[in-house]
Amino acid sequence: MTLIGSRTSIAAAWLLALLLSVGQAGCQQPVDHASIDAGATISGPRNASGSADQPRCAIDGEIADVGPSRGYSWAWLDTPTVVTFAEPAVIDTVEVVLSESYGQAYSYRLSVSADGADWQVVADLSDTPVRGLQMHQFQPVEAERLRLEFTDTTLHVRSYHIVEIAAWHLGEEVAVGPLGRRFADVRRRRTMEAVGLLGAQPAQEALSDDDLQQRMHRMEDGQTFPHQLADGTRALIARDGHNTIIVIDDDGDMAEDATSADWDSDCLAVDTDGDGLLERTIDYDDLDGDAVADRMVQTYTQRHTWGRDPFMVLIRDFDHGPLSLWALHDYGYIQGLCQWDCDFAGDGYFVMFRRSREGDRWIAALEAPFCFYDPDDDGLPEETIRITATDTHLRSLRYGINADNDSTEGQLYDYDLSVTCLGSPELPGDAAETFVHRSGDSAGPFLAWETGRETARGLDWERALLIWDENDHNVAARRADRERWEGIINARYRDFPQVGGPPTMRQNKRFELDADFSGHMHLYFWPADGRLHLHGAEVGTLQADYDYNGRPELVIEYADTDEDGYFDQRTFSYPGTGLPDRRMKGPRSYGLAGDDSATYPYAWEAICGFWPEELQRWADDCADLLDALDGAAEALGVEPFTGPMDFYLGATERDFKHIERLRASRESRRYYQDLAVELGLAHLCHDAEQAGAGTAQRERISWAIRQWHTGMPATAASTLRSIAEMSQAGGP
């Protein structure tokens with residue numbers, strides 16, 4: 001009974017409103033004494049931010065143009081709304097339209113007064129939460145004012161929101177008031193417009209057929225039956241829990257005995273709440289004729305993950321990799337439940353749209369687009385770009401790269417660095433494309449996938465933040481078992497805000513800030529630490545917490561002191577050790593040996609061409625340096641500091657759940673070796689002095705530290721070995 005009853009009541013309400021409007025078409029309309037047109041004024045609430053420069057929304061007579069930030073008046077619960085008429089008037093009906101933007105309900109009392117001193121309660125809903133349109137009829141009374149006192153709300157924010165108030169003298173009891181007729185008309189027009197946005201009018205007509213409704217009412221969960229739509233298209237009608245689904249066979253290949261969609265070129269039109277109205281479509285398209293869908297379009301007209309207003313997501317898959325398009329839960333996307341089964345790998349993209357307030361068109365919104373690239377055709381993504389946009393106004397960019405082209409076992413994603421940019425560039429016209437929805441509406445423009453990387457790099461952003469995942473563990477703090485598919489989501493750094501979420505962990509990640517975008521998103525190699533850095537960055541920070549105990553053992557601060565776009569100073573501090581800070585100037589040489597490139601474009605092809613080999617070379621040199629460091633400590637009679645490598649090689653999963661993942665990564669091994677060298681040299685310098693080492697031995701330790709900090713680990717290893725040789729020869 002639920003499905004049929006609710007559908008019939010909606011139809012009856014529309015019919016009643018239509019009959020009443022026709023019946024009164026030739027009659028004089030009653031006066032709304034609470035309207036601006038009748039000279040009324042209002043105190044208490046103020047207009048929503050989107051209507052701040054307009055007349056008082058609650059009494060302006062407008063109920064159609066309403067949204068989350070426009071078309072209503074609001075106030076805190078302890079502030080009553082008082083409407084004062086132009087002159088005393090006899091009224092017997094008050095109608096109130098409450099905002100429903102978030103499905104909220106309110107409780108209130110309605111009172112009237114002839115003088116503003118004595119008040120008569122004519123409706124008390126202080127213990128009855130209500131929403132939407134409310135009509136109150138009472139014995140005729142002469143009044144000069146009416147007052148609404150709100151007592152409660154289902155909103156977390158303790159405020160109320162009024163779309164419209166109307167006060168009439170109708171002279172009789174009616175089922176629907178003048179404002180109610182307009183409200184029903186607005187609802188009817190919005191519903192029909194919303195169904196039109198889905199491009200599924202024949203399916204809606206079928207769902208509204210009385211005979212078909214009776215048959216659907218008798219269906220059990222999981223049952224299906226075939227049906228031909230009014231336009232001749234074959235369809236399958238199904239019941240799945242509380243959802244009624246019409247599977248529209250767009251390509252005409254549905255089998256006679258089909259019991260489900262074939263998922264190539266079918267559209268699922270869904271009524272999620274049994275009211276007989278379609279609220280969303282999930283549209284699959286096979287664009288290359290291989291019987292596998294390459295495109296998915298989710299269109300929503302009511303409540304969904306991204307809000308309540310009409311919303312669309314276009315998903316495109318170019319390669320049919322290990323995953324395909326998006327997974328859904330209950331015919332909608334819920335990130336926490338769906339994201340790890342969605343195709344965010346290989347070649348593809350998705351882009352989001354919302355319906356614009358002006359012009360009634362689909363404009364790019366939120367993530368628009370989010371692109372994935374697989375330049376080596378291994379089915380895994382090596383690059384990703386995320387653009388946030390409002391129409392053609394771009395807001396931010398996150399550009400992630402798998403620099404050494406490796407993979408994490410059991411994971412589809414392994415991004416090593418991301419650059420996040422902020423600014424307000426416009427979408428270049430020659431880099432834009434649009435999409436035509438099944439309804440015939442055009443969506444966009446938005447940044448085209450094919451030229452997305454080149455365009456993103458070439459835009460004039462205002463500032464940029466690099467994050468390098470030093471230990472190859474790009475996870476969120478609250479979900480540390482998953483390598484993030486979004487690239488590296490930045491945590492806040494200095495005055496650069498977090499963009500997206502959940503952010504990466506702060507420890508063991510290198511942050512570098514180009515506050516004026518002077519480096520234009522290029523990288524450079526600094527032999528001083530054997531790392532790639534963000535050109536133009538003024539400052540940088542690396543907090544190393546190698547054993548994940550929440551306390552950093554090493555902090556490195558980078559600085560560009562001469563403002564030439566390249567780091568030239570590092571400050572090393574060793575929290576909790578008692579070791580003194582160390583500040584190193586230079587070296588001011590940049591680039592790989594034999595490579596004249598001052599900077600490198602921020603692109604996978606440019607980085608991956610040399611970075612894996614350089615990474616391995618540095619790791620090999622560091623392994624040799626660690627061996628030499630142990631020999632020098634033994635020669636000096638001091639205990640070598642081996643904490644980082646002890647943890648890396650000896651920790652169990654009880655110590656750190658993901659230690660095996662770190663051990664399998666050459667990037668992580670290199671990082672732990674670097675930490676072991678840096679901390680080992682700092683401790684050796686301190687301990688040698690405490691042990692009374694000779695001047696020559698201490699000088700050689702200082703030389704080794706300087707050689708290490710100028711990017712010569714092999715030379716530093718030779719210097720440390722000379723200490724052992726001196727001891728064997730009996731030198732000072």
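Analyst: A residue is buried under 20% relative accessible area, exposed over 50% and partly exposed in between, using a 1.4 Å probe on protein chains only. Let's try that on the model above. This is a predicted model, where local features need pLDDT of at least 70, side-chain atom pairs count only at pLDDT 80 or more, and totals for chains, interfaces and linings use all residues. Residues are numbered from 1 along each chain as its sequence is written, and side-chain values use heavy atoms, with hydrogens and water left out.

User: Which residues of helix 4 are buried?

Analyst: A helix here is a DSSP run of H or I with at least four residues, a strand is a run of E with at least two, and both are numbered from the N terminus. In helix 4 (residues 210-218), the buried residues are Leu212, Gln213 and Met216. They share one side of helix 4, because their arc around the axis is only 105° (taken from the directions from the helix axis to the C-beta atoms). Asp210, Asp211 and Arg218 are exposed on the other side of helix 4.

User: What does the side chain of Asp209 do at the start of helix 4?

Analyst: One of its oxygens comes within 3.1 Å of the backbone nitrogen of Asp211. For such pairs the polar contact rule asks for N or O atoms within 3.5 Å; within protein, one must be able to donate a hydrogen and the other to accept it, and residues adjacent in sequence count only if both atoms are side-chain atoms.

User: Where does Thr93 lie, and what is it in contact with beyond its neighbours within four places in sequence?

Analyst: Strand 4 (residues 81-98) holds Thr93, and its relative accessible area is 0%, so Thr93 is buried. Contact means heavy atoms within 4.5 Å; outside those neighbours, the partners of Thr93 include Met135, Phe138, Trp168 and Leu170. The side chain of Thr93 also makes a polar contact of 3.0 Å with the side chain of Asp92.

User: How many aromatic pairs are there?

Analyst: Rings of Phe, Tyr and Trp (its six-membered ring) pair if their centres lie within 6.5 Å, and planes under 30 degrees apart are stacked, over 60 edge-to-face and the rest tilted. That rule gives 40 aromatic pairs. Trp306 and Phe311 make a stacked one, at 5.0 Å centre to centre with 15° between the planes. Tyr548 and Phe656 are also a stacked pair, with 4.2 Å between centres and 15° between planes. Tyr548 is in the loop between strand 27 (539-544) and strand 28 (554-559), and Phe656 in the loop between helix 9 (643-650) and helix 10 (659-663), so this pair ties together parts 108 residues apart in sequence. Both Tyr548 and Phe656 are buried. There is also a cluster linked by ring pairs, whose members include Trp306, Phe311, Trp326, Tyr333 and Trp485.

User: Which ring does the charged end of Arg453 sit over?

Analyst: A charge sits over a ring if NZ of Lys or CZ of Arg is within 6 Å of the ring centre and within 35 degrees of the ring normal. Arg453 does this at Tyr373, 3.9 Å from the ring centre. Arg570 does likewise over the face of Trp526, at 4.9 Å.

User: Which backbone features should I check by eye?

Analyst: Most residues other than glycine have a negative phi, and most peptide bonds are trans. Here, Gly444 and Pro445 are joined by a cis peptide bond with omega about 15°, and Pro445 belongs to strand 22 (residues 442-447). Gly501 and Pro502 are joined by a cis bond too, with omega about -5°. Pro502 is in the loop between strand 23 (463-469) and strand 24 (509-514). Trp263, not a glycine, has a positive phi of about 65°, and this residue sits in the loop between strand 11 (243-249) and strand 12 (266-271). Tyr331 has a positive phi of about 60°.

User: What does the radius of gyration say about the protein chain?

Analyst: First, the inventory: the protein chain has 13 helices and 31 strands. Its radius of gyration is 34 Å, well over the 27 Å from the globule rule for 732 residues, so the chain is more spread out than a compact globule. The radius is taken over C-alpha atoms, and the rule is 2.2 Å times the number of residues to the power 0.38. The C-alpha trace spans about 115 × 70 × 50 Å along its principal axes, and 55% of the 732 residues count as buried.
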